[in-house]
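Please open the model in the viewer and keep the selection panel at hand. The tour below proceeds by selection, one stop after another.

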Amino acid sequence: MLRAAWSSPTHVPYAPDAYPIDAPVVDLWLISPGGDSVQYAPTEVAGEFAAIASVSPQETYLLSGSIAARPVAASASLPGNLTVALPAGDTLRLQRTAGSSQLAYAWQSDSAASYQALLLDRNGRRDPTAYVLTRDSLGIFRDIAPDTAGAIMIVPPFPIPSDTARLVIFGYDRRATAFFSSSTRGNVHGAFGLFGGAAKAEKVVVWE
């Protein structure tokens, strides 16, 4: 999945907000280690493109093609499979009356440099009133942290839904970690951006 947007278009008056790039000017391909390629196709979201392909942990993939006739290229290596020992079980049952919940976590993905947990609804959308923070080794709660064990704080959406949610955990590669945690320009040649990899695991959340 990638998103493409103009940040400073020259043919319109100054506008601080980026706006989606039109699909016809995007010609990007995901290239596997064996040389097979899959073209990125537009999704139902303007400026968003997806390449549907099977990928393997700890393999290197390439991005190649052009945006508005400008060459674009990048590479990224996927982290290993993400294993989650804690929270245990496929389903997390949290008390509605407790408000936020703190849970111990223990997760690990080979070659992942940082981790993030997100609370999503059953359709994969992120509610702006809900969030998950990870306590790092210094005892500070952060959005993204490098530690493989500690505690997470889950703040449910308001109002708390009657159906289930998903706790989705990502282990980000070193390029993605650097992009999220510093002022790096990313690793895409020919454009500003990031072409990175993440391992993923998820659990069902139920409020009782």
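**Stop 1: A69 and its loop**

Select A69, which is exposed, with 71% relative accessible area. The model is a predicted one. A69 is located in the loop that runs between β8 and β9. Its backbone merits inspection: the phi angle of A69 is near 70 degrees, a positive value in a residue other than glycine.

A second selection on this theme is Q58, where phi is near 60 degrees, again positive in a residue other than glycine. Q58 is placed in the loop between β7 (48-50) and β8 (60-67).

**Stop 2: the open sheet**

Next, select the strands β5, β4, β8 and β9. In that order, these 4 strands make up an open sheet with antiparallel pairing. Which strands form its edges? They are β5 (37-39) and β9 (70-77), each of which pairs on one side only. From one strand to the next, the twist averages 20 degrees.

Within this sheet, display β4 (residues 26-31) together with β5; the two pair in the antiparallel sense over 3 bridges. To locate a bridge, select L30, whose partner in β5 is V38.

**Stop 3: two cis peptide bonds**

Move to L86 and P87 and display the backbone. The peptide bond from L86 to P87 is cis, and its omega is near -5 degrees. P87 belongs to the loop between β10 (83-86) and β11 (91-94).

Then select F158 and P159, which are also joined by a cis peptide bond, with omega about -5 degrees. The loop that holds P159 connects β16 (149-155) and β17 (165-172).

**Stop 4: Q116 and its surroundings**

Select Q116 in strand β13 (residues 114-121). Is Q116 buried or exposed? Its relative accessibility is 6%, so Q116 counts as buried, the cut-off being under 20%. Now add D143: the side chains of Q116 and D143 make a polar contact at 2.9 Å. To complete the view, extend the selection to the residues that Q116 touches, leaving aside those up to four places away in sequence: D143, I144, V168, I169, F170 and Y172.

**Stop 5: salt bridges**

How many salt bridges does the structure hold? There are 5. Begin with E48 and R3, which form a salt bridge whose closest N and O atoms are 2.9 Å apart. Because E48 lies in strand β7 and R3 in strand β1 (residues 2-3), this pair ties together parts that are 45 residues apart in sequence. E48 is buried, at 8% relative accessible area, whereas R3 counts as exposed at 65% relative accessibility.

Continue to R166 and E202, another salt bridge, in which the closest N and O atoms are 3.0 Å apart. R166 is in strand β17 and E202 in strand β18 (residues 198-207), so the pair ties together parts that are 36 residues apart in sequence. R166 is buried, with a relative accessible area of 19%, while E202 is partly exposed at 39%.

Keep E202 selected and add K200. These two residues form a salt bridge with their closest N and O atoms 3.8 Å apart. K200 is partly exposed, with a relative accessible area of 48%. As a final view, show R166, K200 and E202 together, since salt bridges link these residues in a network.

Key:
Residues are numbered from 1 along each chain as its sequence is written. This is a predicted model: local features need pLDDT of at least 70, side-chain atom pairs count only at pLDDT 80 or more; totals for chains, interfaces and linings use all residues. Side-chain values use heavy atoms; hydrogens and water are left out. Buried means under 20% relative accessible area, exposed over 50%, partly exposed in between (1.4 Å probe, protein chains only). A polar contact is a pair of N or O atoms within 3.5 Å; within protein, one must be able to donate a hydrogen and the other to accept it, and residues adjacent in sequence count only if both atoms are side-chain atoms. Contact means heavy atoms within 4.5 Å. Two strands pair if DSSP finds at least two bridges between them. Axes are lines fitted to C-alpha atoms, for helices over the stretch in contact, and angles run from 0 to 180 degrees between N-to-C directions. A salt bridge is a side-chain nitrogen of Lys or Arg within 4 Å of a carboxyl oxygen of Asp or Glu.
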